[in-house]
Amino acid sequence: MTAPLRIALIDDEALIRTGFAAIIGAEPDLEVVAQGADGIDALTIARSGKADVLLMDVRMPTVDGIQATERIVAELDAPPKILVVTTFDNDDYVWQALRAGADGFLLKRTRVEDLLAAVRLVARTDALLFPEAVRRLAAAAPTRKAPKGIADLSEREREVLVLAAKGLSNQEIAAKLFLGRETVKTHLSGVYAKLGVRDRTQAVIAAYEGGLV
């Protein structure tokens with residue numbers, strides 16, 4: 001039997017944590033293993049290695065979700081997946097958190113089934129969460145220069161990156177381009193190296209900022 005996914009809840013509102021804990025804890029394949037009230041708690045939990053996914057409010061006192069994400073990603077070789085939680089999906093805080101290394105975001109008003117699906121998706125697959133929402137955030141973000149390295153991508157690397165930005169998993173990209181899954185992973189590794197990013201989310205953000213999507 002597969003071990004449950006270990007979830008940590010980070011929010012300065014105890015009522016929000018209690019609600020999420022009740023929803024997540026009722027699922028046989030999910031387990032709430034820790035709770036915290038700010039980014040300092042998130043750092044402590046991430047360093048402990050006890051959680052697979054951090055469900056973290058983006059706006060918190062002392063150390064917010066953006067700062068906590070930056071520090072977790074910078075400090076840990078294998079950080080937990082990070083889902084930031086927000087009230088508004090067009091919030092610049094969300095875009096900053098994604099650029100800092102978060103793997104996706106959730107709205108506090110999201111439906112229960114969507115919450116659970118998002119937690120499982122971000123933990124168990126390589127697909128991008130909510131690509132259309134990321135597109136809207138990118139369109140609303142302040143204009144930035146094209147990321148360094150975009151011009152160095154090969155034609156195939158661009159194809160793979162664009163499909164990743166549209167939300168396709170490695171397996172789906174492989175089928176679309178008639179490639180092996182390992183070949184897709186190799187192309188993505190080349191993309192990461194040329195763009196100077198650490199993961200899929202960062203590469204996809206670079207694709208939006210560089211006008212590839």
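This section describes an annotated aspartate, two residues with unusual backbone angles, and the packing of two helices in a predicted model.

The UniProt record, an unreviewed entry, lists Asp57 under "modified residue: 4-aspartylphosphate". In the model, Asp57 belongs to strand β3, which spans residues 53–57. The residue is buried, since its relative accessible area of 4% falls under the 20% limit used for that class. When residues up to four places away in sequence are set aside, Asp57 is in contact with Ile10, Asp11, Asp12, Gly65, Val85 and Lys108.

Most residues other than glycine have a negative phi. Two residues in loops depart from this pattern. Thr62, which is not a glycine, adopts a positive phi of about 70°. Thr62 is located in the loop that joins β3 to α3 (65–75). With a relative accessible area of 66%, Thr62 is exposed, because the value is over the 50% required for that class. A positive phi, of about 55°, is also found at Phe178, again not a glycine. The loop that holds Phe178 runs between α8 (170–177) and α9 (181–195). Phe178 is likewise exposed, its relative accessible area being 76%.

The packing of helices was examined for α4 and α10. Two packed helices are described by the angle between their axes and the distance between the axes. Helix α4 comprises residues 92–100 and helix α10 residues 200–209; their axes lie 8 Å apart and form an angle of about 120°. The two helices are therefore oblique to each other, because an angle of this kind falls outside the ranges for roughly parallel, roughly perpendicular and roughly antiparallel arrangements. On the side of α4, the contact is formed by Trp95, Leu98, Arg99 and Ala100, and on the side of α10 by Thr201, Gln202, Ile205 and Glu209. By character, the residues of this contact comprise four nonpolar, two polar and two charged.

Helix α10 is mostly covered, with ten of its ten residues buried. The buried residues include charged ones, among them Arg200 and Glu209, as well as nonpolar ones such as Ala203, Val204 and Tyr208. Thr201, Gln202, Ile205 and Glu209, which take part in the contact with α4, are also among the buried residues of α10. At the start of α10, the backbone nitrogen of Thr201 has a side-chain oxygen of Asp199 within 3.4 Å. Just after the helix, Gly211 has a positive phi of about 75°.

Conventions:
Residues are numbered from 1 along each chain as its sequence is written. This is a predicted model: local features need pLDDT of at least 70, side-chain atom pairs count only at pLDDT 80 or more; totals for chains, interfaces and linings use all residues. Side-chain values use heavy atoms; hydrogens and water are left out. UniProt positions are given in the numbering used here, feature names are shortened, and annotations may be inferred rather than shown by experiment. Helices (H or I, at least four residues) and strands (E, at least two) are DSSP runs, numbered from the N terminus. Buried means under 20% relative accessible area, exposed over 50%, partly exposed in between (1.4 Å probe, protein chains only). Contact means heavy atoms within 4.5 Å. Axes are lines fitted to C-alpha atoms, for helices over the stretch in contact, and angles run from 0 to 180 degrees between N-to-C directions. Angles under 35 degrees count as roughly parallel, over 145 as roughly antiparallel, 65 to 115 as roughly perpendicular and the rest as oblique. A polar contact is a pair of N or O atoms within 3.5 Å; within protein, one must be able to donate a hydrogen and the other to accept it, and residues adjacent in sequence count only if both atoms are side-chain atoms.
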